[in-house]
Amino acid sequence: MNWKKNAIAAGFGLFRATGLHRLAGEIFRGRGVILTFHRVRPPPHSGFAPNALLEITPDFFDAVLTRLRETGLALVSLDEAMFRLATGEGGPFAVLTFDDGFRDLPDHALPTLERHDAPATFYIAPGLADRAARLWWVELEEAIRRLDRIELDLDGARLVLPARDDGEKSAAFERVYWLLRGGGDERLLAAVAQLGAKAGIDARKLVEDNCLGWDELRELADHDLATVGAHSVTHPRLASLPVEAARREMAESRDQLEKRFGRTIRHFAYPYGDAESAGPREFALAAEVGFATATTTRPGMIFPEHAGHPFALPRLSVNGLWQDAAHFDVLLSGAPFALWNGGRRLNVG
């Protein structure tokens, strides 16, 4: 999938070089935007950082919030955004969302949110708080970091890859990651566990080291700027599950959070959230379970028509591989996603 990263980089470069995104004016901006974040922390020192796209620095996070306001976007809660969308009242908005409940939130994200008086929605998977679910993509990174040679029995064949330096490790991660994403969750988790065992990784401790526990999450949930949303119980690709299992993941995540925090949980984020991981069946399940909204990771701006599709809301990922103001301005223009979605304002199929 390096081709995809290269294509995205080339697209950003074209917009930056030509300024075409600025010529679009308000055409592609819509009513607002929902942004996705995972981790906010100082940059890692390792040259091998395959999950770096999921994290940004505190300084860049501060710059993002500053830039949102400079472009005329009000930083609002998800509930306020949906009110504006339904009624047409209020100006353009930006909603900040965080997935998975990582440990750096209270130390690095929350102080910046407080300085900007910016509400945020935190999507929590109870299985991560319980240490029963797995951060398999972090497990895979740590296994490859520790190993000099990747040997993996997969689908009746043996995959062998060198991993002696950062370049080989990055290539090995890319190869294994997309091989595993091409099958079911059971296959994926078993393969990562196989590598983790060879590397001496304790999967439960890895989650404990990286994700907030229930007491810390309760403190976060009680903050005036925080809205808690559900994110499934075990963070599976919902579209790969039988319908009853998918419904259970969604409903039980809400029920557990409501019991833990003593409040109604109205919002849901699909794990992974791409078109192959969450589609019309999952959108219907979110409505059936009783959520008010559900967010995807399909890229796009929020348009008035999304008021009729509250269970298929797009989000823009603030990608750690492109941490500069020029790239962020391209994102906020909405122009790349008009091209990505073939000129469609909505991508809800």
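Q: How do the axes of helix α11 and helix α12 cross, and at roughly what angle?
A: Good place to start! This is a predicted model, and in it the axes of helix α11 (residues 214-221) and helix α12 (residues 243-261) come within 10 Å, crossing at roughly 80°. Angles of 65 to 115 degrees count as roughly perpendicular. The two helices, α11 and α12, are therefore roughly perpendicular to each other.

Q: Which residues make the contact of α11 with α12?
A: From α11 come Trp214, Leu217, Arg218 and Ala221. Their partners in α12 are Leu257, Arg260 and Phe261. Sorted by class, the residues of this contact are five nonpolar, no polar and two charged.

Q: What about helix α7 and helix α10: where do they lie in the sequence, and at roughly what angle do their axes cross?
A: Helix α7 covers residues 136-146 and helix α10 covers residues 203-210. Their axes come within 10 Å and cross at roughly 110°, which makes α7 roughly perpendicular to α10. On the α7 side, the contact is made by Val138, Glu139 and Glu142; on the α10 side, by Ala203, Leu206 and Asn210. The contact of α7 with α10 has three nonpolar, one polar and two charged residues.

Q: Now for empty space. How much of it lies in the second largest pocket, and which residues lie nearest its centre?
A: Here is the general idea: rolling a probe the size of a water molecule over the atoms shows where empty space is left. In this structure, the second largest pocket holds about 280 Å³ of space. Its lining is made of 19 residues, and Arg41, Glu55, Glu141, Glu142 and Arg145 lie nearest the centre.

Q: Which elements give two or more residues to the lining of that pocket?
A: They are α7 and α10, the pair of helices whose axes we saw crossing at roughly 110°. Helix α7 provides the largest share of the lining, five residues. Glu142 is a good residue to find in the viewer: it belongs to the contact of α7 with α10 and is also among the residues nearest the centre of the second largest pocket. The lining of this pocket divides into nine nonpolar, four polar and six charged residues.

Q: How many cavities of 30 Å³ or more does the structure hold?
A: Three. About 60 Å³ of space lies in the largest cavity. That cavity is lined by 13 residues, with Pro299, Gly300, His306, Pro314 and Asn347 closest to its centre. By class, its lining has six nonpolar, five polar and two charged residues.

Q: And what lines the second largest cavity?
A: The second largest cavity contains about 50 Å³ of space. Its lining includes Thr36, Phe37, His38 and Arg39, along with Leu53, Leu54, Glu55 and Ile56, and finally Ser317 and Val318. Strands β1 (32-37) and β3 (55-56) each supply at least two of these residues. The lining divides into five nonpolar, three polar and two charged residues. Look for Glu55 here: this residue lines the second largest cavity and is also one of those nearest the centre of the second largest pocket.

Q: Last topic: how many salt bridges does the structure hold?
A: As a general idea, side chains of opposite charge can pair when their charged atoms come close. This structure holds 28 salt bridges. One of them joins arginine 67 to aspartate 329, with 2.8 Å between the closest N and O atoms. Arginine 67 sits in helix α3 (residues 58-70) and aspartate 329 in helix α14 (residues 325-333), so the pair ties together parts that are 262 residues apart in sequence.

Note on methods
Residues numbered from 1 in each chain as written. Predicted model: local features only at pLDDT ≥ 70, side-chain atom pairs only at ≥ 80, totals over all residues. Heavy atoms only, no water. Axes fitted to C-alpha atoms, helices over the stretch in contact; angles between N-to-C directions. Helix = DSSP H or I, 4+ residues; strand = E, 2+ residues; numbered from the N terminus. Parallel < 35°, antiparallel > 145°, perpendicular 65-115°, else oblique. Contact = heavy atoms within 4.5 Å. Nonpolar A, V, L, I, M, F, W, Y, C, P; charged D, E, K, R; others polar. 1 Å grid on protein atoms, 1.4 Å probe; cavity = no way out; pocket = protein on both sides within 12 Å on 5 of 7 lines; lining within 4 Å. Points joined across faces, edges and corners; volume = space filled by probe spheres on them. Salt bridge = Lys/Arg side-chain N within 4 Å of Asp/Glu carboxyl O.
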